[in-house]
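Me: Please take a close look at one buried position in this model and the residues it touches. Then carry on from there to other parts of the chain, in one connected account.

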Amino acid sequence: MIEVTFSLDNPKREVSTIRGFIRYAGKRYSFPTGESVKTACFSKGKCRECKEARAINNKLVAVEIAMKNAILYYKQDFKVPEAVDFRKKVEQFLTGNNAIEIKRKDNEFLSYVDEYIKTCDKSVETIKSYKTALNSLREFEKVKKKTFSFDDITLKFAEEYRKWLLDADYSRNYIGTLFKNLKFFMKHAREVGKLHDNTDYEKFKVEAEVADTIALSEIELLRLHRLVIDEDLVKRASNDERLHNIRARIRAWDNVRKKFLIGAFTAMRVSDFNRIQDYNIQDGIITILPKKGSSIRKPEPVKIPMHPVIQEILASGFDLSCKVSEQYLNKQIKVLCRLAGIVGDTVVYRTEGGVLKEFVKQRWELVSTHTARRSGATNFYKQGIPKRSIMLLTGHKSEKQFDAYVKLSAEENAKALMEDDYFNKDKADTSNEWMLRQIEYENNPNSYK
């Protein structure tokens, strides 16, 4: 709560001027009221027992309001003023008080969110996610034809907002991310900005489902590694006959392929494998500090031996310092996987608009930069590397998280079950005689003792 106190400039003198004080963002600001009072008549921040008491105290009330409004003015823009600027702003409010307007703007939820996004020091990916949430909430404001205040973000709001998103057929994970960001904005405004006391947001549900993505097998990765990227391949794939374009495309595709494979044989995130440099590699071991999460926990570097494929990539003279954007990686790795023959219909499932839907995609269509990390973790596990060792590389904190992440899934389980006698036609007895014996046994089990 913003509080203003008043004290005497010279309490030891018979008469003293009065000054107001207020604290904000760790600073103490003062403002001379222009009023003087007999020291004996001033007590507990007010003028008492003198004929000018009412007039002086009214002036103190006006100064208090102006000082509070000045702080609100700067607070809504997340600024910490200099002492001179603060005094000028108080004087402006004393001459023309617009406290109602300031208070209203200070309570606008999306104005706060917009300003927070502009000033926060989060990663590019996180800021992009925040902006998506802000744009969605702005659209919902238009639908509701109102400007949301902090007090408007209630359980009823959450119910209506979720229904609006479901009616638009957004995926479950997309909606979950929006609500995760919404909760963060409300929490930050309450705990850091001290802008509201609404706690309904704590009960908002953040739903999510495991992404139905793929992991490339070691054979598929080797197929990509051995893909010959030459002029003929580029001509067939791009329909471009210009030699300088073809050569540029060859270099670009080769960089994409090698960056992706480094990620796939280290199980690293794109934010990590895309910034590995020569100095990160010593004695055949790659050492790097993971970018994600390093600000919220004690930084611990990841160390992983180089796979033979990575050794071949480096031996080819590949320049680790070459810059390849995540967006370009995501787009071009799909093309390269298609050219490498990583094809075949793949059924994926996703909840949209609250309904679980089935989609059939080509395998290469599902490949992204994140596929590299998932492929690495999955192939490590297939090779019999202990879970705990892999989790030290991937950063998963629990086996439950890891099991949901690794793509062994139903396919691997089905292959294991095929070895069981129950599913083996050559070993199973499916004759009529066997069936009749089972029926007889169920009806009269004692006869078989």
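Reply: Once neighbours within four places in sequence are set aside, L60 is in contact with F6, I18, T33, F42 and G45. This is a predicted model, and what follows is computed from it. L60 itself sits in helix α1, which covers residues 53–76. Its relative accessible area is 3%, under the 20% limit, so L60 counts as buried. One of its contacts, T33, is 27 residues away along the chain, and the C-alpha atoms of L60 and T33 are separated by 7.0 Å.

The surroundings of L60 belong to a protein with 18 helices and 10 strands. Of its 449 residues, 37% are buried. Among contacts with a separation of 6 or more, 59% join residues 24 or more positions apart.

A second buried leucine can be described in the same terms. L134 is placed in helix α5, residues 124–144. L134 has a relative accessible area of 3% and is therefore buried. Not counting residues up to four places away in sequence, L134 touches L110, V113, D114 and I117. For V113, which is 21 residues from L134 along the chain, the C-alpha separation from L134 is 7.1 Å.

Aromatic residues come next. The count of aromatic pairs comes to 20. In one of these, F140 and F148, the ring centres are 5.8 Å apart and the planes stand at 35 degrees, so the pair is tilted. The angle is neither under 30 degrees, which would make the pair stacked, nor over 60, which would make it edge-to-face. Both partners are shielded: F140 is buried with a relative accessible area of 2%, and F148 counts as buried at 4%. Elsewhere, F109, Y112, Y116, Y130, F150, F184 and F185 form one aromatic cluster.

Helix α6 and the loop after it offer a charged and a polar example. R162 is found in helix α6. Although arginine is a charged residue, R162 has a relative accessible area of 17% and is therefore classed as buried. Leaving aside neighbours within four places in sequence, R162 is in contact with I175, F179, K205 and E207. S171 lies in the loop between α6 (155–167) and α7 (172–191). S171 is at 15% relative accessibility, so it too counts as buried. The side chain of S171 reaches the backbone nitrogen of Y174 at 3.1 Å.

The last part is a helix pair. Helix α10, residues 243–264, packs with helix α13, residues 326–339, at an angle of about 95 degrees, and their axes are 9 Å apart. Angles from 65 to 115 degrees count as roughly perpendicular, and α10 and α13 are therefore roughly perpendicular to each other. On the α10 side the contact is made by R249, A252, W253, V256, R257, K259 and F260. On the α13 side it is made by Y328, L329, Q332, I333, V335, L336 and L339. Sorted by type, the residues of the contact of α10 with α13 are 10 nonpolar, one polar and three charged. The polar one is Q332, and the charged ones are R249, R257 and K259 of α10.

Notes. Residues numbered from 1 in each chain as written. Predicted model: local features only at pLDDT ≥ 70, side-chain atom pairs only at ≥ 80, totals over all residues. Heavy atoms only, no water. Helix = DSSP H or I, 4+ residues; strand = E, 2+ residues; numbered from the N terminus. Buried < 20%, exposed > 50% of the residue type's maximum accessible area, 1.4 Å probe, protein only. Polar contact = N/O pair within 3.5 Å; in protein donor to acceptor, adjacent residues only side chain to side chain. Axes fitted to C-alpha atoms, helices over the stretch in contact; angles between N-to-C directions. Parallel < 35°, antiparallel > 145°, perpendicular 65-115°, else oblique. Contact = heavy atoms within 4.5 Å. Phe/Tyr/Trp six-rings, centres within 6.5 Å; stacked < 30°, edge-to-face > 60°.
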